[in-house]
Every structure is written in C-alpha cells, then in structure tokens.
Amino acid sequence: QIYQELATLFPKDKRVHWLLAGTYGSLQEYDKQIAELEAAIALDKEFAPAYETLGYVYRWRNQYDKAEVAFKEYARLSPGEANSRDILGDLFMKMGKFEDAIRQYEEAVRMDLTFLFSQQKIGSCLFFLGKYEEGRQAFLKAMDIPVKPANKVYDQEGIMRGYIYEGDYAKALEAADKAIQMAGELGLPEEASFIPLVKSII
C-alpha cells in the first residue's frame with residue numbers, strides 16, 4: 001500500500017515502480033509486477049535492474065524467449081557485471097541448453113575470478129551432459145577460489161552429487177565422508193552433522 005501511494009505521488013520515479021514490482025512479486029501477483037517493471041523501463045530504457053527482475057519473472061513463468069530478451073538487455077547495460085552472465089546461464093540451464101549455459105558461466109568467471117557460483121554451475125552442467133570427470137574437475141577448480149570455508153564443503157558435496165548422477169554410489173559415499181571430514185576440520189558442525197543424513201539417503 002505504501003509503495004502504491006509512492007507510485008501515485010511520484011509517477012515518474014522509476015525506482016518506485018521497480019520497488020512496487022518487487023512487492024507484487026512477493027505477493028505472486030505477476031501480471032501487476034510485469035506492468036510496474038514495464039512502467040519503470042518506459043521511464044528509463046537504460047534502467048538495468050528492471051530488466052534483470054523482468055527476466056526472472058519470465059523465467060519463473062517459463063516464458064523463456066521473453067526472459068532471454070530481458071536478461072540480454074540487462075547484460076548489455078551492465079557489461080562489467082559477472083552476474084549478468086550468471087543469470088543468463090541459469091536460464092539456459094533451465095532450458096536444457098547446457099553448452100550455452102557453460103559458455104555464460106565461463107564468461108562470468110572470466111569477468112570475476114572470485115565468482116564461485118558460476119564455477120560450481122559449470123560443474124553441474126557438465127554432469128548433466130554426462131561429462132562426469134570434467135564436472136568433478138570443475139568443482140575442484142571451485143575449491144581453489146578464495147571464499148569462505150563453507151563453500152569448499154559445498155564443492156565437495158558437488159563432487160558427491162556427480163557420483164550420484166553417474167550411478168557410482170560407492171564413490172558418492174566416499175565423497176560424502178570426505179565432505180564430513182572437511183566440515184569437521186573447517187569448524188562447520190552444521191555441515192558435519194547434516195551430510196550423514198545425505199549418506200543415509202544414498
């Protein structure tokens with residue numbers, strides 16, 4: 001209600017429309033969300049955040065062509081943002097276009113060597129292509145990125161998932177044990193206690 005009032009008071013403020021759109025998204029009123037994002041873009045066709053949000057809305061609604069257009073426009077307006085490549089990769093991965101997704105993720109990592117999530121997603125896409133060893137190597141490469149210790153455990157869990165996808169459950173259990181050991185050594189009790197549950201599921 002407050003954002004609606006602000007939009008009435010400041011109808012030419014693109015950020016108010018963008019914020020109101022976010023509220024509609026939280027309420028799952030997606031048609032209204034799209035309308036407010038389009039209003040923001042109409043006020044400023046160079047307003048990159050509106051295109052990013054619009055791409056997500058269309059992706060959630062499985063309107064992939066429209067999502068791709070919005071994400072590519074966001075990338076054009078944010079040429080230095082690794083995130084612009086990462087989200088386009090996410091779209092392609094959801095579409096099953098894994099090679100295209102990998103190219104976007106690789107570009108994100110090239111733009112920002114610390115962009116861990118793109119490196120992890122490269123591994124996942126390789127798994128989905130049946131390139132299991134290459135996928136595991138991608139997760140090992142992610143471990144070398146200087147980020148918080150918990151992410152190294154997540155990388156090891158990624159290796160574990162690769163073995164699950166491959167159907168090699170013995171090695172998946174070995175990888176899970178290594179993840180438990182890493183979590184203990186890194187002082188992450190929540191991970192050390194959670195992974196045994198994953199083992200029981202395997």
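This is a short walk through one predicted protein model, from its overall make-up to its helix contacts, its cores and a few single residues.

Before I start, a word on conventions: this is a predicted model, in which local features need pLDDT of at least 70 and side-chain atom pairs count only at pLDDT 80 or more, while totals for chains, interfaces and linings use all residues. Residues are numbered from 1 along each chain as its sequence is written, and side-chain values use heavy atoms, with hydrogens and water left out.

Let me begin with the chain as a whole. The protein chain has 12 helices and zero strands, where helices (H or I, at least four residues) and strands (E, at least two) are DSSP runs numbered from the N terminus. Its C-alpha atoms fill a box of roughly 60 × 35 × 30 Å, taken along the principal axes. Of the 202 residues in the chain, 45% are buried; by buried I mean under 20% relative accessible area, by exposed over 50%, and by partly exposed anything in between, with a 1.4 Å probe and protein chains only. If we take the contacts (heavy atoms within 4.5 Å) between residues at least 6 apart in sequence, 44% of them join residues at least 24 apart.

Now to the helix pairs, starting with α2, which covers residues 14–26. How do α2 and α3 run with respect to each other, roughly parallel or roughly antiparallel? Their axes come within 8 Å and cross at roughly 165°, the axes being lines fitted to C-alpha atoms, for helices over the stretch in contact, with angles running from 0 to 180 degrees between N-to-C directions. The two helices are therefore roughly antiparallel, on a scale where angles under 35 degrees count as roughly parallel, over 145 as roughly antiparallel, 65 to 115 as roughly perpendicular and the rest as oblique. The crossing of α2 with α3 is left-handed, in the sense that the near helix is turned anticlockwise from the far one by less than a right angle, clockwise being right-handed. On the α2 side the residues in contact include H17, W18, L20 and A21, and on the α3 side they include Q33, E36, L37 and A40. By class, the residues of this contact divide into nine nonpolar, four polar and three charged, with Ala, Val, Leu, Ile, Met, Phe, Trp, Tyr, Cys and Pro counted as nonpolar, Asp, Glu, Lys and Arg as charged, and the others, Gly among them, as polar.

Moving one helix along, the axes of α3 and α4 come within 10 Å and cross at roughly 155°, and that makes α3 roughly antiparallel to α4. Here too the crossing is left-handed. Among the residues that meet are I34, L37 and I41 in α3, and A50, L54 and V57 in α4. This contact has 10 nonpolar, two polar and one charged residues.

That leads to the cores. The largest nonpolar core, meaning a set of buried Ala, Val, Leu, Ile, Met, Phe, Trp, Tyr and Cys residues joined through side-chain atoms within 4.5 Å, has 29 residues, and those with the most contacts inside it are L37, A50, L54, I122 and C125. Two or more residues come from each of α3 (30–43), α4 (48–60), α5 (64–77), α6 (82–94), α7 (98–111) and α8 (116–128), and α4 gives the most, with six. What does L37 touch, once residues up to four places away in sequence are not counted? L37 touches W18, A21, A50, T53, L54 and V57. Apart from this core lies another, of 17 residues, among them A150, I159, M160 and I195.

I will finish with single residues, two of them in helix α7. Q104 lies in α7 and, at 14% relative accessibility, counts as buried; leaving aside neighbours within four places in sequence, Q104 is in contact with R85, L88, G89 and F92. R110 is also placed in α7, but R110 is exposed, with a relative accessible area of 56%. R110 and A82 are 28 residues apart in sequence, yet 8.3 Å apart in space, C-alpha to C-alpha.

The other two are in loops. Most residues other than glycine have a negative phi. Q28, in the loop between α2 and α3, has a positive phi of about 60° although it is not a glycine, and Q28 is exposed at 58% relative accessible area. N62, in the loop between α4 and α5, also has a positive phi of about 60° without being a glycine, and N62 is partly exposed, at 45%.
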